[in-house]
Amino acid sequence: MTEVWGILNVTPDSFSDGGRYVDPGAAIAHARRMRAQGADVIDIGGESTRPGAEPLDPAEERERILPVVSALVREGIRVSVDTIHASTASAVVAAGAEIVNDVTAGEHDPAMLRAVAESGARIVLMHSRGIDVTHDTHYDDVVAEVVQHLEERVAAAVAAGIARERIIVDPGYGFSKEPDDNWRLLAGLPSVQRLGFPVLVGTSRKRFLGTLLPEGADAAERDAATAATSLLAAQAGAAAVRVHDVASTVSALRVLGATAHAARSRSDRADGRSPDVGTGAVPSAPGLHGSIELTGIRARGFHGVLPEERRDGQEFVVDAALSLDLAAAVASDDVAQTVHYGELAEAIVAAVERDPVDLIETLADRIARACLADPRVEHASVTVHKPAAPIAVPFGDVAVRVHRGREPR
Ligand code: PMM
């Protein structure tokens, strides 16, 4: 299930909404509105990335955003903070922010990656070529170059002590990219996905969408195109989309959810099953999609290509995220209406302990299929880590992630 991150620019000068939410009261009210419209996370920024914007003193940045961060955290709202300053990152995480969103992927402030590692927060590593978004826009192969840069930034983040599970990557739409580069990057999202990290896509109101509109159309008129690009991103498996107008993107993603649901019911019928039969299911209201996530499940298996791996076995660690409709579970407050996570964990352990295979890819897909055995599950993302893999050099982790959805028949 793709998350929607609502953008809250607490700045006097952002390109599409500058000045509207500098007052903390107005900012908090806007965040609440976005939450009510279906935002999963509020991404708060205090410094504009608009071309020509004045650099901001981090102390002033904190003064702008900290009251808003604290108020939203108190209300149980999940908060990400868009900052390039390590001191701000540390302060906002201490105030309860969950994610640090750095548009320079730790390149602007040499202290950033270590500060995030120490804070235990998640981090968005975005592709950019510095904070001047208009500079250095030539690429020979934009998709390959963005992927390579993100790989380098991931390596730097891991070397600074950030756990791989805490990393989100973002191709950085509009940052040092011409319109065609942005379209290529949208079409090339599967290559970014193959890095194996959750992908955040931020196309909202960007200039390349403006090229589709009549000359002189203002930035808010790009919201329909934003919903369309966010839908395409979700279809390609993006973990999250970052948008100004939450309502239109949430509607677009519901279209995707409803279509996936219909495809699923069709395949249930073809199997002679119905998700409602035998469960006494409460009819589900549309739109309460969610996920069940299990991380760090440990099990012993004998998978691998080396004879000693087959002989001695080793520990595998599995993370699984299942997307499903939770409306019936919430309406009935009945565990029978959802996936029981204890049973799911046991099924995952059983899949690891079964007959050996050579590749963790094969094992990850076996586990994803086990997750989809429950007809309510629409999509499963499974990561298999092999922490004791026979690699001759010191290493942190090796893992493979697969995404498997239901195939329409
Ligand atoms: N775009 C802007 C600012 N921060 N962060 C991420 N991760 N991805 C983006 O695409 C991105 C960003 C551009 O300015 P805006 O806040 O007005 O959208």
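On the surface of this predicted model, V305, L306 and L359 form a nonpolar patch. Together the three residues have about 250 Å² of accessible area. One of them, L359, sits in the loop that runs between α13 (341–353) and α14 (360–371). L359 counts as partly exposed because its relative accessibility is 43%, and a residue is called buried under 20% and exposed over 50%.

Helix α14, which follows that loop, also takes part in a salt bridge. D365 pairs with R404, and the closest N and O atoms are 2.7 Å apart. D365 belongs to helix α14 and R404 to strand β12 (residues 399–405), so the pair ties together parts that are 39 residues apart in sequence. R404 has a relative accessibility of 18% and therefore counts as buried. Salt bridges can also share partners, and in this way E3, R78 and E98 are joined into one network.

These pairs belong to a longer list, since a search of the whole structure finds 19 salt bridges. Side chains of opposite charge can pair when their charged atoms come close. Another of the bridges links the side chains of D82 and R242, at 3.2 Å from N to O. D82 lies in strand β3 (residues 78–82) and R242 in strand β8 (residues 240–243), so this contact ties together parts that are 160 residues apart in sequence. Is D82 buried or exposed? D82 is buried, because its relative accessible area is 12%, under the 20% cut-off. R242 counts as buried as well, with a relative accessibility of 14%.

A further salt bridge stays within a single helix. The side chains of D181 and R184 meet at 3.5 Å, N to O. Both residues lie in helix α6 (residues 179–187), where a spacing of three residues is about one turn of the helix. The two partners fall into separate accessibility classes: D181 is buried at 7% relative accessibility, whereas R184 is partly exposed at 47%.

D82 and R242 appear again at the ligand. Which residues come nearest to the ligand? Of the 16 residues around it, they are D82, N101, D170, K206 and R242. Two of these have side chains with a short polar distance to the ligand. An N or O atom in the side chain of K206 is 2.7 Å from a ligand oxygen, and for the side chain of R242 the corresponding distance is 2.8 Å. R242 thus has a salt bridge to D82 as well as a polar contact with the ligand. The side chain of H244 also has an N or O atom 3.4 Å from an oxygen of the ligand. Taken alone, the ligand exposes 410 Å², and the protein buries 98% of that area.

The shell around the ligand can also be described by class and by element. Seven of its residues are nonpolar, five are polar and four are charged. Strands β1 (3–9) and β5 (122–126) each supply at least two residues of the shell.

The backbone has two residues that stand out by their phi angle. Most residues other than glycine have a negative phi. D136 is not a glycine, yet its phi is positive, at about 55 degrees. D136 is placed in the loop between β5 and α5 (142–159), and at 43% relative accessibility it counts as partly exposed. S176 likewise has a positive phi, near 55 degrees. S176 lies in the loop between β6 (167–170) and α6. Where D136 is partly exposed, S176 is buried, at 0% relative accessibility.

Two other loop positions are buried. G106 is in the loop between β4 (99–102) and α4 (112–119), and at 8% relative accessibility it counts as buried. The C-alpha atom of G106 is 20 Å from that of A53, a residue 53 positions away along the chain. A219 is in the loop between α8 (207–210) and α9 (223–235), and its relative accessibility of 15% makes it buried too. From A219 to V169 the C-alpha distance is 25 Å, with their positions 50 residues apart in sequence.

Methods:
Residues numbered from 1 in each chain as written. Predicted model: local features only at pLDDT ≥ 70, side-chain atom pairs only at ≥ 80, totals over all residues. Heavy atoms only, no water. Near = heavy atom within 4 Å. Polar contact = N/O pair within 3.5 Å; in protein donor to acceptor, adjacent residues only side chain to side chain. Areas by Shrake-Rupley, 256 points an atom, 1.4 Å probe, with all protein chains shown as cover. Helix = DSSP H or I, 4+ residues; strand = E, 2+ residues; numbered from the N terminus. Nonpolar A, V, L, I, M, F, W, Y, C, P; charged D, E, K, R; others polar. Patch = residues over 30% accessible without salt bridge, like charges linked within 9 Å, V, L, I, M, F, W, Y side chains within 5 Å. Salt bridge = Lys/Arg side-chain N within 4 Å of Asp/Glu carboxyl O. Buried < 20%, exposed > 50% of the residue type's maximum accessible area, 1.4 Å probe, protein only.
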